[in-house]
Amino acid sequence: MFIMFGWVKERKEVGQALTCHCYRCQRTRMWEHWKETEWVSFFTIKTIPFLSKSYLVCSACREPIAVDRARSRFIGSVASEQRLAAFLDEHQLARKTPVQRSYLLAQREQNQPRE
Ligand SMILES: [Zn+2]
């Protein structure tokens, strides 16, 4: 018997997640919630959802930031917006040197003073 199976990756926008600062754009942006699902397919038909990942994507520069399952449950909840914004801050600044960090934070302060 001949069986054809494979993998299909599907990405789709779930909706708007939150509005907060993007250090790449250096301004406040809308962040979108995207979901990526990997399917096992038989004869090119998606059959079993195998892996599912959530991403927050900046609506302007399209930088995707992977969000773990625990955090992804809070996307869209107004009460958790600050926590997600803090997570994005931390993630976007994580790979910066201390000098880059303080430059970006100073730029942010200059462009839009925190409320
Ligand atoms: Zn951006």
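**Exercise 1. The surroundings of helix α2**

State which elements the buried residues of α2 pack against, and then say which residues these are.

*Solution.* The buried residues of α2 pack against β1, β2, β3, β4, α1 (69–72) and α3, where contact means heavy atoms within 4.5 Å. The model is a predicted one, in which local features need pLDDT of at least 70 and side-chain atom pairs count only at pLDDT 80 or more, while totals for chains, interfaces and linings use all residues. Residues are numbered from 1 along each chain as its sequence is written, and side-chain values use heavy atoms, with hydrogens and water left out.

Step one is to fix the terms. Helices (H or I, at least four residues) and strands (E, at least two) are DSSP runs numbered from the N terminus, and buried means under 20% relative accessible area, exposed over 50%, and partly exposed in between, with a 1.4 Å probe and protein chains only.

Step two is to list the residues: L84, A85, F87, L88, D89, Q92 and L93 are buried in α2. H91 also belongs to helix α2, but this residue counts as partly exposed because its relative accessibility is 31%. Between the C-alpha atoms of H91 and M30 there are 16 Å in space, although 61 residues separate them in sequence.

Step three is to place the helix. Helix α2 (residues 81–93) lies across β1, β2, β3 and β4 and runs at about 105° to β1; here axes are lines fitted to C-alpha atoms, for helices over the stretch in contact, and angles run from 0 to 180 degrees between N-to-C directions.

**Exercise 2. Helix lengths and the faces of α3**

Compare the expected and actual spans of α2 and of α3, and then describe where the buried residues of α3 fall around its axis.

*Solution.* The expected span of a helix is 1.5 Å times one less than its number of residues. For the 13 residues of α2 this should give 18 Å, which agrees with end C-alpha atoms that are 18 Å apart. For the 14 residues of α3 (residues 98–111) the span should be 20 Å, and its end C-alpha atoms are indeed 20 Å apart.

Turning to the faces, L104, Q107 and R108 are the buried residues of α3. Viewed down the axis of α3, its buried residues fall within an arc of 100°, so they line one face of the helix; the arc is that of the directions from the helix axis to the C-beta atoms. P98, V99 and Q110 are exposed on the other side of α3, whereas the cover over its buried residues includes β1 and α2.

**Exercise 3. The sheet and its hairpins**

Give the strand order of the sheet, and then trace each pairing from β1 and β2 through to β3 and β4.

*Solution.* The open sheet has four strands in the order β1-β2-β3-β4, with antiparallel pairing, and two strands pair if DSSP finds at least two bridges between them. β1 and β4 stand at the edges with a single partner strand each, so one side of each has no neighbour in the sheet. From one strand to the next the twist averages 30°.

First, β1 and β2 pair in the antiparallel sense over 16 bridges, one partner pair being G6 and S41 in β2. Their hairpin has four residues between the strands, and Q26 takes a positive phi near 60°.

Second, β2 (residues 27–42) and β3 (residues 45–58) are antiparallel over 12 bridges; E38 stands opposite L51 in β3, and W39 has P49 as its bridge partner. With two residues between these strands, the hairpin has F43 at a positive phi near 50°.

Third, four bridges join β3 to the antiparallel strand β4 (residues 64–67), where V67 is the bridge partner of S54. Five residues lie between β3 and β4 in their hairpin, and R62 in the turn has a positive phi of about 65°.

**Exercise 4. Cysteines and the N-terminal segment**

Find how many disulfides the structure holds, and then decide whether F2 is buried or exposed.

*Solution.* With a disulfide taken as a pair of cysteine sulfur atoms within 2.5 Å, the structure holds zero disulfides. C20 is in none, and the nearest cysteine sulfur, that of C22, is 8.1 Å away. C20 counts as buried because its relative accessibility is 9%, and C58 counts as buried at 0%.

F2 lies in the segment before β1 (5–22), and this residue is exposed because its relative accessible area is 62%. F2 and V57, 55 residues apart in sequence, are 41 Å apart in space, C-alpha to C-alpha.
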